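Here are a few short exercises to work through with the model open beside you. Try each task before reading its solution.

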Amino acid sequence: MTVRSFSQLGLAEPIQRGLNSRNHTVPTPIQAQAIPRLLAGRDMLGIAQTGTGKTAAFALPILQQLSQAGHNLRAPRALILAPTRELAIQIGEEFRAYGRHLRVRHAVVYGGVSQGPQVAAISRGIDVLVATPGRLLDLMGQGRLRLDAVEFLVLDEADRMLDMGFVRDVRKIVAALPAQRQSLLFSATMPDDVARLAAEILVDPVRVEVTPQATPVERIDQRIYHVDTANKAALLATVLDDPALSRVLVFARTKHRANHVAEKLAKCGIAAAAIHGNKSQGARQRALKRFRAGEARVLVATDIAARGIDVDGITHVINFELPNEPESYVHRIGRTARAGADGIALSFCDRAERGYLRDIERLIRRRLTVIGERPAAIGDGVPGKPRSGGVFPGQPKRRSNRRRRAAVRDRAHVPA
């Protein structure tokens, strides 16, 4: 059966009201495929990037089953593990929104802040616990939390979880759970270590894959500027002169660079905020809140800090620095072109980054559209000759050459 609306999924009326209040009527592909199978009790391996609606794909069936089974507030019955504080908070907000008309309590626990309010929330009794692995293990070690009543386990963004070194923590947490449970694992990519973890945790899972593995969204217009490192900040300011770039996520490789870029933009009169691991949790949340509200037009982020950020209406992603792992490029540009919208990803490539560019183009199996002039050969050690000092957008030189050749043919009446 083709699922064309949430009303076909048999969700409880309070959940339907939560969906309607957010104007969610048509499920995304992963929701249409996952929800019926999860309601049937299947374990699931979901391969999906951020922006595909995967949080609702697991939150809705969990809320449905919790609402039907009554309450058991002595310990959480659903556990969702997330790699970052931002993602954990976002998942908690989704559970709150979809379960607002249900008597289902939830709490979010993560490090970097006082554990007091988190412990208090747990002690009052909860049905759903969203957690980062480190803080969860701390609370378990203190005897503040029991997991012997967990019926639903979700590992979200498992590939990033392993990249950040949480595999041992995850295994310790899973060992504390009841053997009889429904388990879900979601990942944007499926490297061997994630596949091994899935085999350990899941029992006869159904596999749901909504995008090709490690392939960027086809709707994204991907362009690249070849520019010297010293000219990148000027190029960014010039690009941002266009008001069409109304909500922009800029990526840097390091915390220092993220701060530097945000400060440069602020001096140019462009409202910008930075988010990275050295920022306090409060500062990160304030920056994200400003970006969501439109008070900051630009959010400058590192990869780890940005993972899990889900902000609607991002018009452009700009790679101020190319990532040294091509898979990170896929994750970065996936922040735009959400919910059926188109998006644009711009990348700045200096001479030292041409090897990274080759790896990215090999992974995505396409060449990025060059703005300005392409160096004679990427990786041949020949510096590019940027147009207008290397900072201003322009037509690719090869297009001008084609036009000149066409004009010559027209004058000579030579067929193309």
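## Exercise 1: a helix pair

In this predicted model, helix α4 (residues 85-98) packs against helix α12 (residues 281-293) at an angle of about 60°, and their axes are 11 Å apart. Classify the orientation of α4 and α12, give the handedness of their crossing, and describe the contact.

**Solution.**
1. Start with the angle: 65 to 115 degrees would count as roughly perpendicular and under 35 as roughly parallel. At about 60°, α4 and α12 are therefore oblique to each other.
2. Next, look at the crossing: α4 passes α12 in the right-handed sense.
3. Now find the residues that touch. From α4 these are R85, E86 and I89, while α12 contributes Q281, R284, Q285 and L288.
4. Finally, sort the residues of this contact by character: three are charged, two polar and two nonpolar.

## Exercise 2: the sheet

Work out the strand order of the open sheet, and say which strands stand at its edges.

**Solution.**
1. Trace the seven strands across the sheet; the order reads β3-β4-β2-β5-β6-β1-β7, and the pairing is parallel.
2. Look for strands with a single partner: β3 (106-109) and β7 (206-209) each have just one, so one side of each lacks a neighbour in the sheet.
3. Follow the twist, which averages 15° from one strand to the next.
4. Zoom in on one pair: β2 (residues 78-81) and β5 (residues 152-155) are joined in parallel over four bridges. Here L79 has L153 of β5 as its bridge partner.
5. To finish, add helix α2 (residues 29-39), which packs on the sheet and touches β1 (44-47), β6 (182-187) and β7. The direction of α2 makes about 165° with that of β7.

Conventions. Residues numbered from 1 in each chain as written. Predicted model: local features only at pLDDT ≥ 70, side-chain atom pairs only at ≥ 80, totals over all residues. Heavy atoms only, no water. Axes fitted to C-alpha atoms, helices over the stretch in contact; angles between N-to-C directions. Helix = DSSP H or I, 4+ residues; strand = E, 2+ residues; numbered from the N terminus. Parallel < 35°, antiparallel > 145°, perpendicular 65-115°, else oblique. Left-handed = near helix turned anticlockwise from the far one by under 90°. Contact = heavy atoms within 4.5 Å. Nonpolar A, V, L, I, M, F, W, Y, C, P; charged D, E, K, R; others polar. Pairing = 2+ DSSP bridges.
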